[in-house]
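Colleague: Please take one loop of this model and go through it slowly, then follow the chain outward from there to whatever seems worth describing. I would like the cut-offs stated as you go.

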Amino acid sequence: MPVLFSHPSSLEHDTGFGHPERVERMHAVDAELQRRDWLGYERREAPAATVAQLDAVHPREYVDAVREMSARGGAFDLDTPTSPGSWDAALHSAGGACALAEALLRDDERVGFAALRPPGHHAEPARAMGFCLFANVSIAARHALDSLGAERVLVLDWDVHHGNGTNAIFHESPEVLFASIHQYPFYPGTGPLADVGAGAGEGYSINLPVPAGAGEGEFCGLVEHVVLPVARRFDPTLVLVSAGFDAHRDDPVGGCTLETASYGELTRQVLTLGKPVGYVLEGGYDLDALAHSVAESMDALAAGGEPRSHPRGELVERAVAALRPYWDGI
C-alpha cells in the first residue's frame, strides 16, 4: 500500500499575506486528495525530525538559529519569513521526509509521498532561503545512508527552481546522485550544465537547465535520455524526488509549461528504475495546478504504467556531451 505523510503543523507555518508559499497550498492538496478518497494511500502522521537527523546536514548553530528566529516570528530574508509555528512545521517537514525513507527501506513499502511544508531544497547547510528552512530531502537522504542501510541515493529534482541546497550539500559526495531539471537563468542563479560536482563527487551532480517555456518534451526527454541511463549505472538503493509543481504552465512564479498530466508521465518514467520511490513536496503556487498535479503524481505512483518515449532534442545532446566523460555509454 502506498503511504502518505502529513502533519497539522504544516498549517501553522504563517508566511504572511500575499506570500506564494502559504497555508492554502495544504488546504488545496488535502481537499483534492479527500475528494479522491486519498487515492488508496495509507495516511500516516509525520514525526518530528530528531536532533541527530538535523545535525547530520545542518550545523547545530544553524538549527538553533531557526528555532530562535521562529520564536520571534522574524525573517531570514524577504522570501523566507517565519512565525511561532514555523519551528514545529519545519521539524515535521524534515521528519516526514525521514519517515518516508524509513517506510520505503525498512517497512518494504515501494512508493510514498510526504505532503508537508515548508519546502526544503533551497536550504543550504547554514543558510535559510527561498521559502526553505531545513533541507528536507537532503536530511532524508543522509538518514537513509547513515541509518537505513542505503548504499546510494538518487535525488531527482524537477522544481522549476534549481535545488541549490541539495546540490551544495552533496556536491562532493559519490553516495548521492543529484539530478535537477530547472529553468535557467532563474532564481537562485545556480545550476549550470557545467556544474557536475567536485572532488570525489565529480560527475555525481547532473544539472539540466532548461529555458523558459520548456514543457513536457524537454523535461521528459531529459529524464528518459539522461537521468535514467545514468541512474541505472549508479544503481540507487532509494529514489527521492524533490517534487516541485511550479513548472506547471499555470504557475504564477515559474515560466515553464508542464501540464498536469506531465507529472504522471514523469512519475511513470521514474518507476521504470524499479526502486523504492519517495516524493517530497517542494514548490507549486497555483492552488488548482498544485492540487491536481500532486494527485496526478500520487495516482501514477500507485498505478504505475508504461511511459511514452520522447525525442532526444538539443538539450539532451548538450547534456550527454557534458556528462559522457563521467558516464560513458549514455
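Modeller: I start from Pro-118, which is found in the loop between strand S5 (111–114) and helix H5 (136–147); helices (H or I, at least four residues) and strands (E, at least two) are DSSP runs, numbered from the N terminus. The model is predicted, so local features need pLDDT of at least 70 and side-chain atom pairs count only at pLDDT 80 or more, whereas totals for chains, interfaces and linings use all residues. Residues are numbered from 1 along each chain as its sequence is written, and side-chain values use heavy atoms, with hydrogens and water left out.

The bond that leads into this proline, from Arg-117 to Pro-118, is a cis peptide bond with omega near 5°. Phe-131, also found in the loop between S5 and H5, has a positive phi near 75° although it is a residue other than glycine. Both features stand out against the usual backbone, because most residues other than glycine have a negative phi and most peptide bonds are trans. With a relative accessible area of 14%, Phe-131 is buried, where buried means under 20% relative accessible area, exposed over 50% and partly exposed in between, for a 1.4 Å probe and protein chains only.

Cys-132 is buried as well, with a relative accessible area of 0%. Its sulfur is 16 Å from the closest cysteine sulfur, which belongs to Cys-98, and that is too far for a bond. The structure holds zero disulfides, a disulfide being a pair of cysteine sulfur atoms within 2.5 Å.

Cys-98 itself lies in helix H4 and counts as buried at 1% relative accessibility. Leaving aside its neighbours within four places in sequence, Cys-98 is in contact (heavy atoms within 4.5 Å) with Gln-53, Ile-139, Ala-140 and His-143. The C-alpha atoms of Cys-98 and Asn-136 are separated by 7.9 Å, although the two residues are 38 apart along the chain.

H4 (86–105) is also one of the elements against which the buried residues of H3 pack, together with helix H2 (51–55) and strand S3 (75–77). Helix H3 spans residues 60–72, and its 13 residues reach 19 Å from the first C-alpha to the last, close to the 18 Å expected at 1.5 Å a residue, where the expected span is 1.5 Å times one less than the number of residues. Buried in H3 are Tyr-62, Val-63, Val-66, Met-69 and Ser-70. They lie on the same side of H3 because they cover an arc of only 130° around the axis, the arc being that of the directions from the helix axis to the C-beta atoms. Glu-61, Ala-71 and Arg-72, on the other side of H3, are exposed. Just after H3, Gly-73 takes a positive phi of about 65°.

Two further loops carry backbone features of the kind described above. Leu-39, which lies in the loop between H1 and S2, has a positive phi of about 55° although it is not a glycine. Farther along, a cis peptide bond joins Tyr-184 and Pro-185, with omega about -5°, and Pro-185 is found in the loop between strand S7 (176–183) and strand S8 (205–210).

S8 in turn meets helix H10 (residues 313–323), where Val-316, Ala-319, Val-320 and Leu-323 are buried. These four share the same side of H10, since they cover an arc of only 100° around the axis. The buried residues of H10 pack against S8 and helix H7 (216–234).

A last stop is Arg-268, whose place is in helix H8 (residues 260–271). At a relative accessible area of 17%, Arg-268 is buried, and, not counting residues up to four places away in sequence, Arg-268 touches Ala-261, Ala-300, Gly-304, Gly-305, Glu-306 and Pro-307.
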